[in-house]
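The following exercises are to be worked with the sequence and the structure at hand. Each task is followed by a solution in steps.

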Amino acid sequence: MPILHDFRSDTVTRPSAEMRAAMAQAPVGDDVYGDDPTVAALEAEVARRTGKDEGAFFPTGTQSNLAALMVHCARGDEYIAGQQAHCYRFEAGGAAVLGSIQPQPIENLPDGTMALEKIEKAIKLDDMHFARTRLLALENTIGGRVLPQAFVADALGLARRAGLATHLDGARIFNAAVASGIAPADLAEGFDTVSVCLSKGLGAPVGTVLAGSDASIGKAKRIRKMLGGGMRQSGIVAAGALHALAHNVERLAEDHWLAATLAEGLARHEGLLVEAPQTNIVFMDCPGIDGTALAAFLAERGVIVSGRYGQLRWVTHLDVGEDAVEAALAGVAAFLERVG
Ligand SMILES: *Cc1c(COP(=O)(O)O)cnc(C)c1O
């Protein structure tokens with residue numbers, strides 16, 4: 001069965017005809033020489049929208065986060081991040097392997113925050129036994145949840161008092177902005193660096209921009225080169241990202257509405273435990289039901305979801321519509337009827 005409705009991730013979106021046309025027409029140059037006007041325009045646009053001085057265009061969010069960690073931490077230093085944070089959990093241990101930076105994960109609470117006392121206790125004393133704690137990294141949205149601004153303010157205050165730098169993994173910061181009505185520049189305010197993915201819900205094929213101060217982005221560009229992320233005529237892909245910023249931000253509200261519709265439909269079934277989504281990601285536990293069999297049954301109908309740790313995850317995006325949600329709900333109902 002071919003994939004008809006792909007709910008695995010918002011990374012699966014494909015560039016539209018208009019986006020491809022913008023990419024084909026983009027003026028380009030060698031960006032390692034600083035000659036690509038389209039990359040420069042994208043970096044400036046993300047910096048402007050996040051209220052930072054400058055941006056650096058990266059091939060992926062993983063590389064952007066790693067470069068940020070390496071900007072703020074040297075060999076033998078330590079960063080604090082959530083146990084569920086992408087930059088701790090989902091980046092193949094890159095900070096430790098490539099940056100020689102020790103992670104100090106802190107348990108995430110159900111709303112995506114962390115207990116401030118736990119962060120505070122994890123900050124090491126200046127003592128030869130310990131790694132030097134240098135950085136606090138937050139993520140917004142985290143698991144599709146928008147961080148409460150009061151938590152962000154408190155965490156930034158704590159970091160400042162302790163002399164820590166701060167990084168925001170804002171891969172989905174525009175989802176957070178659209179859902180909360182708070183501008184991205186306000187969500188990123190007070191952070192030294194922020195990483196913004198263009199290839200998720202915004203629908204560009206490739207790329208992430210790291211934004212921050214002139215000094216931190218200057219350092220990040222050197223590290224980007226070291227990591228093999230210095231790209232040449234990357235204006236071709238940056239043009240897709242610029243098109244995405246111009247056309248696909250406000251429409252994220254449709255993805256959020258569709259996720260809410262899907263979650264409501266799923267929650268009608270007793271036995272499916274569905275978290276009400278804040279943005280475009282729906283997590284579903286199905287105790288007593290074989291989640292793997294459910295996913296396989298849906299796949300036979302062309303509906304695919306991702307599953308990890310016994311939980312199914314549905315993500316809405318540009319390339320799924322109401323028909324996809326109807327097909328998904330019909331598939332789930334048919335499966336539950338069959339297993340009784
Ligand atoms: C997707 C994602 C990234 C980076 O992803 P890449 O696939 O490397 O571009 C980083 N942080 C978060 C929160 C993400 O969702």
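**Exercise 1.** In this predicted model, determine how far a backbone N or O atom of glycine 61 lies from an oxygen atom of the ligand.

Solution. Step 1: select the backbone N and O atoms of glycine 61; one of them lies 2.8 Å from a ligand oxygen atom. Step 2: apply the cut-off for a polar contact, a pair of N or O atoms within 3.5 Å. The 2.8 Å pair of glycine 61 therefore qualifies.

**Exercise 2.** Examine the side chains of arginine 172 and lysine 200 in the same way, and then list the residues around the ligand.

Solution. Step 1: a polar atom in the side chain of arginine 172 is 3.1 Å from an oxygen atom of the ligand. Step 2: for lysine 200, an N or O atom of the side chain is 2.6 Å from a ligand oxygen atom. Step 3: the surroundings of the ligand consist of Thr60, Gly61, Thr62, Asn65, His86, Glu91, Glu139, Asp169, Ala171, Arg172 and Lys200.

**Exercise 3.** Describe how helix α1 packs with helix α11.

Solution. Step 1: the axes of α1 (residues 17-25) and α11 (residues 235-247) are 8 Å apart, and the angle is about 135 degrees. Step 2: this angle makes α1 oblique to α11. Step 3: the crossing of α1 past α11 is right-handed. Step 4: α1 contributes Glu18, Met19, Ala22 and Met23 to the contact, while α11 contributes Ile236, Val237, Ala239, Gly240, His243 and Ala244. Step 5: sorted by class, the residues of this contact are 7 nonpolar, 2 polar and 1 charged.

**Exercise 4.** Carry out the analysis for helix α13 and helix α14.

Solution. Step 1: α13 (residues 291-300) meets α14 (residues 322-339) at an angle of about 125 degrees, with the axes 10 Å apart. Step 2: α13 is thus oblique to α14. Step 3: α13 crosses α14 in a right-handed manner. Step 4: the contact involves Ala293, Leu294, Phe297 and Leu298 from α13, and Ala328, Gly331, Val332, Ala334, Phe335 and Arg338 from α14. Step 5: the classes are 8 nonpolar, 1 polar and 1 charged.

**Exercise 5.** Assess the backbone at alanine 92 and at the bond joining asparagine 140 and threonine 141.

Solution. Step 1: recall that most residues other than glycine have a negative phi, and that most peptide bonds are trans. Step 2: alanine 92 has a positive phi, about 55 degrees, and is located in the loop between α4 (86-89) and α5 (94-99). Step 3: the peptide bond between asparagine 140 and threonine 141 is cis, with omega about 0 degrees. Threonine 141 belongs to the loop between β5 (132-139) and α7 (149-161).

Conventions: Residues are numbered from 1 along each chain as its sequence is written. This is a predicted model: local features need pLDDT of at least 70, side-chain atom pairs count only at pLDDT 80 or more; totals for chains, interfaces and linings use all residues. Side-chain values use heavy atoms; hydrogens and water are left out. Axes are lines fitted to C-alpha atoms, for helices over the stretch in contact, and angles run from 0 to 180 degrees between N-to-C directions. Helices (H or I, at least four residues) and strands (E, at least two) are DSSP runs, numbered from the N terminus. Angles under 35 degrees count as roughly parallel, over 145 as roughly antiparallel, 65 to 115 as roughly perpendicular and the rest as oblique. A crossing is left-handed if the near helix is turned anticlockwise from the far one by less than a right angle, and right-handed if clockwise. Contact means heavy atoms within 4.5 Å. Ala, Val, Leu, Ile, Met, Phe, Trp, Tyr, Cys and Pro count as nonpolar, Asp, Glu, Lys and Arg as charged, and the others, Gly among them, as polar. A residue is near a molecule or strand if one of its heavy atoms lies within 4 Å of it. A polar contact is a pair of N or O atoms within 3.5 Å; within protein, one must be able to donate a hydrogen and the other to accept it, and residues adjacent in sequence count only if both atoms are side-chain atoms.
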